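These are my notebook entries on a structure that I looked through. I begin with the sheet, then turn to the ligand, and end with the empty spaces.

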Amino acid sequence: MIELKGVSFSYASSAGPRRQVFEGLNLLVRQGDYAALMGPNGSGKSTLGKLVKGLLSPSSGEVRIGGRPLNPGEVSPRVGYIFSNPENQIVSSIVEEDVAFGLGNRGMDPALMSARVEESLRMVGMAEYRTHSPHLLSGGQQQKVVIAGILAMECEALVLDEPTSMVDLRDRREILDLFQRLHEEKGITLLHITHSFEEALQAQDLIYLKNGRVSFYGPPEEFLTSTPSAGPSNLQIPPIYQIIQGLRERGHPIPPGVHSYAELKSFLLEREKAPRS
Ligand SMILES: Nc1ncnc2c1ncn2[C@@H]1O[C@H](COP(=O)(O)OP(=O)(O)OP(=O)(O)O)[C@@H](O)[C@H]1O
Ligand SMILES: [Mg+2]
């Protein structure tokens, strides 16, 4: 569980007054929830993520992870943070060493460590690259290695800060599927910062930040139909979403789990096969 209670935060500015990002912000992300965090550029998404990890500390208020408050200046070992650019988070020239890096710092038993590394690499589908150099992998594969390293640390929550913005389309799908598995199989709380509404649709909840405030918090599907002022006018709505909405408006019972062309196609084909009543 991620909890912010009355959190205020501002950045120092060399010229002029401090830049106030949050003032008395309250937010609760339930244990095991998959929450997408959206909002315009500069609305404070990354700042919020860094407050959750403890990379930044609030000037007032409290951040709690799993019910325990973070002390000022404390970086939470229970939260993993994944940045857009995996290269900035890769520290070793061999995949398995990179995944083991955080564990080595904890002085763990070597046999246990090796099992943990193996399991984490398997989880992200990168076991066969164990002995490869991370620097020769694609951006998406590198991102998976970074995620394996964080999984090895057994974090209870992950902050994903635009994790797919630097990976190609195929790797992007695999990484998004991985988040879904981490949510379903491992019960890890996910806070997924994204500019893509299509990505947000696979989350359970969508949190929309605007001017340092939460202007929407609910199922992603309800976001577009909620208060029109909740979102920016320039939010790009994926065409598939418009098609599904259009079909629903014309009385087709498309279930809530259908988000992609493939899912829509298999739903329609199934319905075709079903005996008509
Ligand atoms: N290190 C910093 N020093 C001073 N101001 C900062 C710093 N980092 C961010 N800011 C300012 O704080 C505000 C929130 O920034 P933040 O990076 O959290 O936004 P964001 O929602 O992640 O934006 P984006 O979608 O562009 O990533 C912005 O006005 C930004 O300019
Ligand atoms: Mg950001």
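**Entry 1: the sheet**

How many bridges join strand 1 to strand 4, and do the strands run parallel or antiparallel? I note beforehand that the model is a predicted one. I found five bridges between strand 1 (residues 2-11) and strand 4 (residues 60-65), and the two strands run antiparallel. Two pairs of residues fix the register for me: Lys5 stands opposite Glu62, and Ser8 has Ser60 as its bridge partner.

I then followed strand 4 to strand 5 (residues 68-69), where two bridges join the strands, again in antiparallel fashion. Here Arg64 has Pro69 as its bridge partner. The hairpin of strand 4 and strand 5 has two residues between the strands, and Gly66 in this hairpin takes a positive phi near 55 degrees.

I recorded the whole sheet as open, with four strands in the order 2-1-4-5 and antiparallel pairing. Strand 2 and strand 5 are at the edges with a single partner strand each, so one side of each has no neighbour in the sheet.

**Entry 2: ligand 1**

Next I looked up which residues surround ligand 1. There are 13 of them, and the closest are Arg19, Gly42, Lys45, Thr47 and His195. I divided the shell by class and obtained three nonpolar, seven polar and three charged residues.

Which element gives the most to this shell? I found that helix 1 does, with three residues. Strand 2 (19-29) and helix 1 (45-53) each supply at least two residues.

I listed three contacts to oxygen atoms of ligand 1. An N or O atom in the side chain of Lys45 is 2.7 Å from an oxygen atom of the ligand. For the side chain of Arg19, the distance from an N or O atom to a ligand oxygen is 2.8 Å. Gly44 takes part through its backbone, with an N or O atom 3.0 Å from an oxygen atom of ligand 1. On its own, ligand 1 has 640 Å² of accessible area, and the protein covers 62% of this.

**Entry 3: the pockets**

I turned to the largest pocket, which holds about 520 Å³ of space. I counted 20 lining residues, with Arg173, Glu198, Gln202, His259 and Ser260 closest to the centre of the pocket. Helix 5 (169-186), helix 6 (197-200), helix 7 (220-223) and helix 9 (261-273) are the elements that give two or more residues to this lining. The largest share, six residues, comes from helix 5. By class, I noted eight nonpolar, five polar and seven charged residues.

The second largest pocket has a volume of about 380 Å³. Its lining has 21 residues, and nearest its centre lie Gln89, Gly102, Gly149, Ile150 and Met153. Helix 2 gives the most here, with five residues. The class count for this lining is 12 nonpolar, six polar and three charged residues.

**Entry 4: the cavity**

How many cavities of 30 Å³ or more does the count give? I obtained one, and the largest cavity holds about 30 Å³ of space. Its lining consists of Leu201, Glu221, Tyr241, Ile244, Arg248, Val258 and His259. Helix 8 (residues 239-249) provides the largest share of this lining, three residues. I sorted the lining into four nonpolar, one polar and two charged residues.

Technical notes
Residues are numbered from 1 along each chain as its sequence is written. Chains are lettered from A and ligands numbered from 1 in the order in which they are written. This is a predicted model: local features need pLDDT of at least 70, side-chain atom pairs count only at pLDDT 80 or more; totals for chains, interfaces and linings use all residues. Side-chain values use heavy atoms; hydrogens and water are left out. On a 1 Å grid over the protein atoms alone, a cavity is a set of points where a 1.4 Å probe fits but cannot get out, and a pocket is an open set with protein on both sides within 12 Å along at least five of seven lines; lining residues have an atom within 4 Å of a point. Grid points are joined across faces, edges and corners, and a volume is the space filled by probe spheres set on the points. Ala, Val, Leu, Ile, Met, Phe, Trp, Tyr, Cys and Pro count as nonpolar, Asp, Glu, Lys and Arg as charged, and the others, Gly among them, as polar. Two strands pair if DSSP finds at least two bridges between them. A residue is near a molecule or strand if one of its heavy atoms lies within 4 Å of it. A polar contact is a pair of N or O atoms within 3.5 Å; within protein, one must be able to donate a hydrogen and the other to accept it, and residues adjacent in sequence count only if both atoms are side-chain atoms. Accessible areas come from the Shrake-Rupley method with a 1.4 Å probe; for residues, only the protein chains shown count as cover.
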